[in-house]
Amino acid sequence: MAGEPHDARHGSADLVLEGGGVKGIALVGAAVALDDAGWRFERVAGSSAGAVVGAVMAAMRHAGEPMARADDIMRTLDYTLMQDRRPGLRWLQWWPRAADAWGILFHLGMHPGEYLTQWLRGVLGDLGVRTFGDLLLDPGATDLRQRYRLVVSTSDLSRQRVLRIPWDLPSYGVRPDDVDVATAVRASAGIPFMFEPVRLRGAHGESTLADGSLLETFPVAAFDRDDGAAPRWPTIGVRLSSPASERAPAVPVTGPISMLRSLIHTTVDSTQIRHVEDPRDAERTIFAKPRGVGWTDFDITPAQQQSLYDDGFAAAQRWIERRAGRPLA
């Protein structure tokens, strides 16, 4: 029956995936382990790397593909091509610092991010998904949170707020069903200054959209009901960090680049502290903290990718074993 707790061995669930750059490979491992245990993901929410992985998983569910294929699909993403260049700047390839500065100065980002957009369009298109209208869970639902299989968090820098796509689009005068999924995910994955932000024209003018992790890197409460009624199924979250992150050692700020990096990390981490401290959120969260790889290590090797996947898979297995025989409300 709807609203009843589900056994940790099987059942429908909503999945929430944290952002974390290339570390997002660990999210795939965790999701495959959950699928192996019998969980089926009805809706997926994600930010940044979590949005990339979440979009692929939502499209796979739409297409009826086995979740075990998620790893094979995600391995086709060539991280070395993520740092693409605009055609007019290829003559500066011998001087990458100058190309980076040019991109930031004139485009607000070192890289256009076109490779990621086109990769997503290809993968999603092969699964029969182009717009959010292709990811309908309940077409008749008047509550947009119940209508779509996927929601991605972005940061609207122009209006200083979280923009959840497609849920918030009507307030922008934009029809959700018509919005390109790959573009929305690319907006959520737009690390500030590294990737050019995505522009959205709406009822309030032109909004500049950047990395969802700035304001909501782990939207674990996205699917929680606000009417006091029991949920149709539980939420399971996957984080790429540890519940003991508050004990992390201090990292010295040594210059302007270091200062900028620290500002971004501080913004991201400070918005998520309450999810670590809230016992209910911690109970429904898998903490998969892969080591040895940074957010932006786009030169990641196949061996490192496998290690990230294995870390996520093992973390989910440990969570499943701890919850054996216990309902997840």
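**Burial, core and salt bridges in a predicted model**

With a relative accessibility of 1%, V56 counts as buried, where buried means under 20% relative accessible area, exposed means over 50% and partly exposed lies in between (1.4 Å probe, protein chains only). The structure is a predicted model, in which local features need a pLDDT of at least 70 and side-chain atom pairs count only at pLDDT 80 or more, whereas totals for chains, interfaces and linings use all residues. Residues are numbered from 1 along each chain as its sequence is written, and side-chain values use heavy atoms, with hydrogens and water left out.

V56 belongs to helix α2 (residues 49-63), helices (H or I, at least four residues) and strands (E, at least two) being DSSP runs numbered from the N terminus. When neighbours within four places in sequence are set aside, V56 is in contact (heavy atoms within 4.5 Å) with I73, M74, W119, V123, L124 and L127. One of these partners, I73, is 17 residues from V56 along the chain, and the C-alpha atoms of the two are separated by 8.3 Å.

A second buried residue, L27, has a relative accessible area of 0% and lies in helix α1 (residues 25-36). Not counting residues up to four places away in sequence, L27 touches L17, E18, A49, G50, V53, M57, V238 and L240. For the pair L27 and V53, a separation of 26 residues in sequence corresponds to 7.3 Å in space, C-alpha to C-alpha.

Over the whole protein, the secondary structure comes to 12 helices and 10 strands, and 52% of the 329 residues count as buried. Of the contacts between residues at least 6 apart in sequence, 77% join residues at least 24 apart. The protein exposes about 15100 Å², of which carbon and sulfur atoms supply 54%; accessible areas come from the Shrake-Rupley method with a 1.4 Å probe, and for residues only the protein chains shown count as cover.

In soluble globular proteins, nonpolar side chains tend to be buried together. In this model, the largest nonpolar core (a set of buried Ala, Val, Leu, Ile, Met, Phe, Trp, Tyr and Cys residues joined through side-chain atoms within 4.5 Å) has 89 residues, and those with the most contacts inside it are L15, L34, W119, L150, I165 and V181. Apart from neighbours within four places in sequence, V181 is in contact with A55, L124, V129, R130, T131, F132, L135 and L150. V181 is also one of the buried residues of helix α7, together with A182, A184, V185, R186, A187 and S188. Because seven of its eight residues are buried, α7 is largely enclosed by the rest of the structure.

On the surface, W102, L105 and F106 make a nonpolar patch of about 360 Å², patches being made of residues with over 30% relative accessible area and no salt bridge, with like charges joined within 9 Å and nonpolar side chains (Val, Leu, Ile, Met, Phe, Trp, Tyr) within 5 Å. Within this patch, L105 is exposed at a relative accessible area of 63%, and it is found in helix α4 (residues 96-107).

The structure holds 20 salt bridges, each a side-chain nitrogen of Lys or Arg within 4 Å of a carboxyl oxygen of Asp or Glu. In one of them, the side chains of D14 and R43 meet at 2.7 Å, N to O. This pair links distant parts of the chain, with D14 in strand β1 (residues 11-17) and R43 in strand β2 (residues 39-47), 29 residues apart. Both D14 and R43 are buried. R145 forms a salt bridge with D143, their closest N and O atoms being 3.4 Å apart; R145 is partly exposed at 24% relative accessible area, as is D143 at 26%. A further salt bridge joins the side chains of E206 and R201 (3.3 Å, N to O), in which E206 is partly exposed at 38% relative accessibility and R201 is exposed at 66%. In addition, salt bridges that share partners join R147, R175, D177 and D178 into one network.

Confidence varies along the chain. The protein averages a pLDDT of 86, and 84% of the residues score at least 70, pLDDT being the predictor's confidence in each residue, from 0 to 100. Confidence is highest in helix α7 (residues 181-188), at a mean of 98, and lowest in helix α10 (residues 273-277), at 51. Over residues 1-9, pLDDT stays under 50, and the model has 25 contacts beyond four places in sequence for this segment. Where pLDDT is low, the predicted coordinates should not be read in detail.
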